[in-house]
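This report describes the fold of a single protein chain, from its secondary structure to its sheet, its helices and its largest pocket. The chain is shown below.

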Amino acid sequence: MTTTPPPVGPGPAGSQPQTNPLTLHGQYIKDLSFENPRAPQSLIEQKQPQLTLNVNVSTRQFEAKTFEVALSLEASAQTPEKEPLFMLELVYAGTVSLGEVPQEAFGPLLLIETPRLLFPFARAIVANATREAGFPPLNIAPVDFVALYRQQLEAAGGQIPGIPGGPVGHA
């Protein structure tokens, strides 16, 4: 029995070819800094550190639908006596293009979906940097980028930071 392939050609009348809503062109370390100010003493002491982590997402527009999305991670550890153990700053970025999507989708695609794609790579860089500095690897828990996006919208009065245009709809 032979199977005939479906006919090649346009789909149903009036349909257009599907385009990806988001295309990631490349990703890269934009900035990486690690300080270990008390080495080697900090590596000899075995005290439970107090960790602080800050995460931020920003965008920069290059063309009408091409953006750079930067995921900034700042991590620091200190002893219970407030002496610094390490300070790490990472800006991990990617360039993306948006497909034919409405303006209301720009914010969620750029500030939620793109950071979700970048995060595993940034997380690995942080873990490797802390391990290579002599500390146990810092494995960052998953980040709720939806909550972070809502905080940024609230702080910006409903405007998407880094994206020109009118007010944003509900995401």
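Helices and strands are taken here as DSSP runs, of at least four residues for a helix (H or I) and at least two for a strand (E), numbered from the N terminus. On that basis, the elements of the protein chain follow the order β-α-β-β-β-α-α from the N terminus on, with three helices and four strands in total. The coordinates come from a predicted model.

**Overall packing.** Of the 171 residues in the protein chain, 33% are buried. Among contacts with a separation of 6 or more, 68% join residues that are 24 or more positions apart.

**The sheet.** The four strands make up an open sheet with antiparallel pairing, in the order S1-S4-S3-S2. Strand S1 (22–35) and strand S2 (50–63) are the edge strands, each paired on one side only. On average, neighbouring strands of the sheet are turned by 15° against each other, direction ignored.

Strand S4 (residues 84–98) pairs with strand S3 (residues 66–78) over 13 bridges, in the antiparallel sense. Its pairing with S1, likewise antiparallel, comprises 12 bridges. The table gives individual bridge partners in S4.

| Residue | Bridge partner in S4 |
|---|---|
| Leu 32 | Leu 90 |
| Glu 68 | Thr 95 |
| Gln 78 | Pro 84 |

S3 and S4 also form a hairpin, with five residues between them. Within the turn, Lys 82 has a positive phi of about 70°.

**Helices against the sheet.** Which strands does helix H2 touch? Helix H2 (residues 106–132) packs on the sheet and touches S1, S2, S3 and S4. The direction of H2 makes about 140° with that of S4. Helix H3 (residues 145–155) lies across S2 and S3 and runs at about 70° to S2.

**The largest pocket.** The largest pocket holds about 330 Å³ of space. It is lined by 17 residues, of which Lys 47, Pro 49, Leu 85, Phe 135 and Pro 136 are the closest to its centre. Helix H1 (41–44) and S4 are the elements that give two or more residues to this lining. By class, the lining consists of 10 nonpolar, five polar and two charged residues.

Strand S4 thus recurs in this description: S4 pairs with S3 and with S1, is touched by helix H2, and contributes to the lining of the largest pocket.

Conventions: Residues are numbered from 1 along each chain as its sequence is written. This is a predicted model: local features need pLDDT of at least 70, side-chain atom pairs count only at pLDDT 80 or more; totals for chains, interfaces and linings use all residues. Side-chain values use heavy atoms; hydrogens and water are left out. Two strands pair if DSSP finds at least two bridges between them. Axes are lines fitted to C-alpha atoms, for helices over the stretch in contact, and angles run from 0 to 180 degrees between N-to-C directions. Contact means heavy atoms within 4.5 Å. On a 1 Å grid over the protein atoms alone, a cavity is a set of points where a 1.4 Å probe fits but cannot get out, and a pocket is an open set with protein on both sides within 12 Å along at least five of seven lines; lining residues have an atom within 4 Å of a point. Grid points are joined across faces, edges and corners, and a volume is the space filled by probe spheres set on the points. Ala, Val, Leu, Ile, Met, Phe, Trp, Tyr, Cys and Pro count as nonpolar, Asp, Glu, Lys and Arg as charged, and the others, Gly among them, as polar. Buried means under 20% relative accessible area, exposed over 50%, partly exposed in between (1.4 Å probe, protein chains only).
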